[in-house]
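I opened this entry to look up how the strands pair, what packs on the sheets and where the nonpolar side chains gather. My notes follow in the order in which I looked things up.

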Amino acid sequence: MNYSDNGFFDDFGGKYVAEVLRRPLDELEKTFKEAMKDPSFIKELETIQRDYIGRETPLLYAEAATKILGGAQIYIKLEGLANTGAHKINNAIGQCLLAKRMGKKRIIAETGAGQHGVATAAACAKLGLECIVYMGEVDVRRQQPNVAAMELYGAKVHPVTSGTRTLKDAVNEAMRDWAANPDTTHYVLGSALGPAPFPDMVREFQSVIGREVERQAAERNLDVAAMIACVGGGSNSMGFFAPFIDKDSPRLIGVEAGGIGDGIGENAIRMSGNASREGILQGYKSRFLLDSDGQALPTRSISAGLDYCGIGPQLASLGKSGRVEFTYARDNEALDAVKFFARNEGVLFAMESAHAGAAAIKLAPTMPKDKAIIVNMSGRGDKDIFITCPVFRKTEWKQFLESELERLNNETDIHEAKVMTCQK
Ligand SMILES: *Cc1c(COP(=O)(O)O)cnc(C)c1O
């Protein structure tokens, strides 16, 4: 079964939260379950998915890549063509519609790298909701382009100065805000994790990816042997895998961030290594990278979206049962995959998604030509130029940044946009 049993996926999941958060979580669960059975809600969701997100997203036959690798037929689900550039908008739009249904006009969200903040800010702009994004002060400084995008969409970015001033502190701050303002506010959590009902809810809003793939593969009579997705918290993978979980095939493969090596703090491998442990953190029970005191260990990845110490509870359970297999790709393998698919298919993978691409490059040659592999390209790589350019063109990139700085310092006529105050 896809849905949790009272919030639990076997041993994992649950709702380990302070008493004050029980009521908003219960209200959310009730609203979510009713909405999913309400034809008018489904119609509203499907209309905005079509007209605003741009669904359905294409399933591309990677003909040249298939030929070069000489094995299974490779197909790429181009989720990166969704408005805002990645799958995260599917969840943000779904949850914001639920907030409206509950009569809540104030939205809060946490963000690390900024992708979930951008998606939520965009969804709020579209749906006329107030948006506050909690973001660690360190991340605010590192991720200026995303902060600028959130502000363009009209969101208020709130820098968090507690703890390590990164993602987990932003989550804590968002939880605190929600506990203080449950009647007016909905907390849009960004991945298939956290306390129930978030894992079920986020999976359902992302499962549009898997349902489209199922239809697209059937239309072309594909014999799908494997589906591959990258795994941060687990939202794109769970949405992609959802319709296939209860079946024996295809193989479902989750790809984690292998970072730069096997040492502590060198990767974000929770399922495909043996460094993680069971634990309870931020409201749910799952597998985490923790020290002996139960504190989160540092993680590392070239892709900010996979750089996280925990994993969604349903994936932890599916890993334990063996239905989902896990592997990892190193930073340099992901970079090679970006290059490979850009050159041969004209498709620029996000660094996160390139981990799935790297796994496909390894797997395809080992499989027969009459089988198909489908890779979920969860996002496109435009957002990653600050990561890829210093790797591929270091000297030129440095010169570019220096000249930009000079231009900013010298130029007197940088346009000052006349900000129209379009109050809603
Ligand atoms: C955030 C992000 C991910 C990782 O998050 P999941 O919840 O595991 O899907 C993967 N790809 C992209 C493009 C992202 O922005």
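I began with strand S5 (residues 106–111) and strand S6 (residues 130–136), which pair in the parallel sense over six bridges. Within this pairing I noted that Ala109 stands opposite Val133 in S6. I keep in mind throughout that the model is a predicted one.

I then asked which helix packs on the sheet and touches S5 and S8. I found helix H4 (residues 88–101) there, its direction making about 165° with that of S8.

Stepping back to the sheet itself, I read an open arrangement of four strands in the order S7-S6-S5-S8, with parallel pairing. Strand S7 (156–160) and strand S8 (185–188) are its edge strands, and each of them pairs on one side only. From one strand to the next, I recorded a twist that averages 25°.

Next I turned to the other sheet, which is open as well and has six strands in the order S3-S4-S14-S9-S10-S13, with mixed pairing. I asked why one side of S3 and of S13 is left without a neighbour in the sheet. Strand S3 (59–61) and strand S13 (324–330) stand at the edges and each has a single partner strand, so each keeps one side without a neighbour there. Direction ignored, neighbouring strands of this sheet are turned by 25° against each other on average.

Inside this six-stranded sheet, I looked up strand S4 (residues 73–77) and strand S14 (residues 372–376), and found that they pair in the parallel sense over five bridges. Lys77 has Asn376 in S14 as its bridge partner.

For the helices on this sheet, I noted that helix H13 (residues 331–345) lies across S3, S4, strand S10 (251–259) and S13, and that it runs at about 90° to S13. Helix H14 (residues 351–363) also packs on the sheet, where it touches strand S9 (224–230), S10, S13 and S14, and its direction makes about 145° with that of S9.

Last, I looked at the nonpolar cores. The largest has 60 residues, and the members that touch the most others are Ile89, Ile93, Cys96, Leu98, Met150, Trp178 and Tyr187. I followed Leu98 further: leaving aside neighbours within four places in sequence, Leu98 is in contact with Leu28, Thr31, Phe32, Ala35, Phe41, Met201 and Phe205. Apart from the largest core lies another, of 34 residues, including Ala62, Ala329, Phe340 and Val347. As background, I wrote down that nonpolar side chains tend to be buried together in soluble globular proteins.

Notes
Residues numbered from 1 in each chain as written. Predicted model: local features only at pLDDT ≥ 70, side-chain atom pairs only at ≥ 80, totals over all residues. Heavy atoms only, no water. Pairing = 2+ DSSP bridges. Helix = DSSP H or I, 4+ residues; strand = E, 2+ residues; numbered from the N terminus. Axes fitted to C-alpha atoms, helices over the stretch in contact; angles between N-to-C directions. Contact = heavy atoms within 4.5 Å. Core = buried A, V, L, I, M, F, W, Y, C linked by side-chain atoms within 4.5 Å. Buried < 20%, exposed > 50% of the residue type's maximum accessible area, 1.4 Å probe, protein only.
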